[in-house]
Amino acid sequence: KNRYETNVRILNEANKVDDTYAKDLLVCSGTGFADALSTSSVGKPILLVGNTISDDQKQYLTDEGPTKAWIIGGEGAVSADIADELKEFVPESSTTRLAGKNRYETSFKVADEFYKGSYETAVIVYGQNFPDGLSGGAVAWVISAPVLLAMNNDAMNAYVAPWAVGSGAYNSITFGGSGLISDESILSIMNA
């Protein structure tokens, strides 16, 4: 009937293939794309939420019993009420919120959480819309690289650049044209 029901159906199908799939859970806003895009390479199920956790979602959480959850984005994206509701299904001590001042800093926090250590490559996608980045998430997952949101704005790119520097990444794959993310912006993010 809506994006949330479609999301639960996808999660249920994925869990049929791998019954350990749902033990970790990423909780993202279903009304904005940025935080889900940042997590698209992580390889964990993404539960999209609105203002409340729906009955279908509650059933999924009850059936699958996730043992760890990450809430992606600030309270403007995934409300404190949703975080409270989630406590019924996932132990509070096993729930972490990854949030920054904006989508770019949240993107860094996701990369920093799930891609610790040394990595060769970063996948860079435009942070103001989703089509190119949606394509990039699958590629990033295959090559074990985070999805970093960027744009032609040094102040926003400064939020994600520390991941590339800290990881030692020396390759980047950028999805989208130079009108969205310039070569200069990529070089700045990669500290090249």
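**Notes on the pockets, sheets and ring pairs**

1. Starting with the second largest pocket: its lining splits into three nonpolar, nine polar and three charged residues. Keep in mind as you read on that the model is predicted. The volume of this second largest pocket comes to about 230 Å³. Its lining counts 15 residues, and the ones nearest the centre are Gly32, Ala34, Asp35, Ala77 and Arg103. If you want to place the pocket among the helices, look at α2 and α5 (103–114), each of which supplies at least two of the lining residues.

2. Now the largest pocket, which holds about 520 Å³ of space. Here 21 residues make up the lining, with Ala36, Leu37, Ser40, Ile46 and Leu134 nearest the centre. By class, the lining has ten nonpolar, nine polar and two charged residues.

3. Which elements each supply at least two residues of the lining of the largest pocket? They are α1 (3–17), α2 (34–38), β2 (46–49) and α6 (131–142). Of the contributors, α6 gives the most, with four residues. Helix α2 is worth a second look, since α2 supplies at least two residues to the lining of the largest pocket and at least two to that of the second largest pocket.

4. On to the sheets. One is an open sheet of four strands, ordered β2-β1-β3-β4, with parallel pairing. The edge positions go to β2 and β4 (95–98); each has a single partner strand, so one side of each has no neighbour in the sheet. Ignoring direction, neighbouring strands here are turned by 25° against each other on average.

5. Within that sheet, β3 and β4 run parallel and are joined by four bridges. If you want a residue pair to click on, alanine 69 stands opposite threonine 95 in β4. Helix α5 lies across β1 (24–29), β3 and β4, and runs at about 135° to β4.

6. The other open sheet to check has three strands in the order β6-β5-β7, again with parallel pairing. Its edge strands are β6 (147–150) and β7 (171–175), each of which pairs on one side only. From one strand to the next, the twist averages 30°.

7. What joins β5 (residues 121–126) to β7? Five bridges do, in the parallel sense. One pair to look up is alanine 122 with its bridge partner in β7, serine 172. Helix α6 packs on this sheet and touches β5, β6 and β7, with its direction at about 145° to that of β7. So much for α6 as a packing helix; as noted above, α6 also gives the most residues to the lining of the largest pocket. Another helix, α7 (residues 154–167), lies across β5 and β6, and runs at about 155° to β6.

8. Last, the aromatics. The count comes to four aromatic pairs. One of them is tryptophan 70 with phenylalanine 114: the rings sit edge-to-face, at 4.9 Å centre to centre and 65° between the planes. Why does this pair tie together parts that are 44 residues apart in sequence? Because tryptophan 70 is in strand β3 (residues 68–72), whereas phenylalanine 114 is in helix α5. That goes with the packing in point 5, where α5 lies across β3 among other strands.

Key. Residues numbered from 1 in each chain as written. Predicted model: local features only at pLDDT ≥ 70, side-chain atom pairs only at ≥ 80, totals over all residues. Heavy atoms only, no water. 1 Å grid on protein atoms, 1.4 Å probe; cavity = no way out; pocket = protein on both sides within 12 Å on 5 of 7 lines; lining within 4 Å. Points joined across faces, edges and corners; volume = space filled by probe spheres on them. Nonpolar A, V, L, I, M, F, W, Y, C, P; charged D, E, K, R; others polar. Pairing = 2+ DSSP bridges. Axes fitted to C-alpha atoms, helices over the stretch in contact; angles between N-to-C directions. Contact = heavy atoms within 4.5 Å. Phe/Tyr/Trp six-rings, centres within 6.5 Å; stacked < 30°, edge-to-face > 60°.
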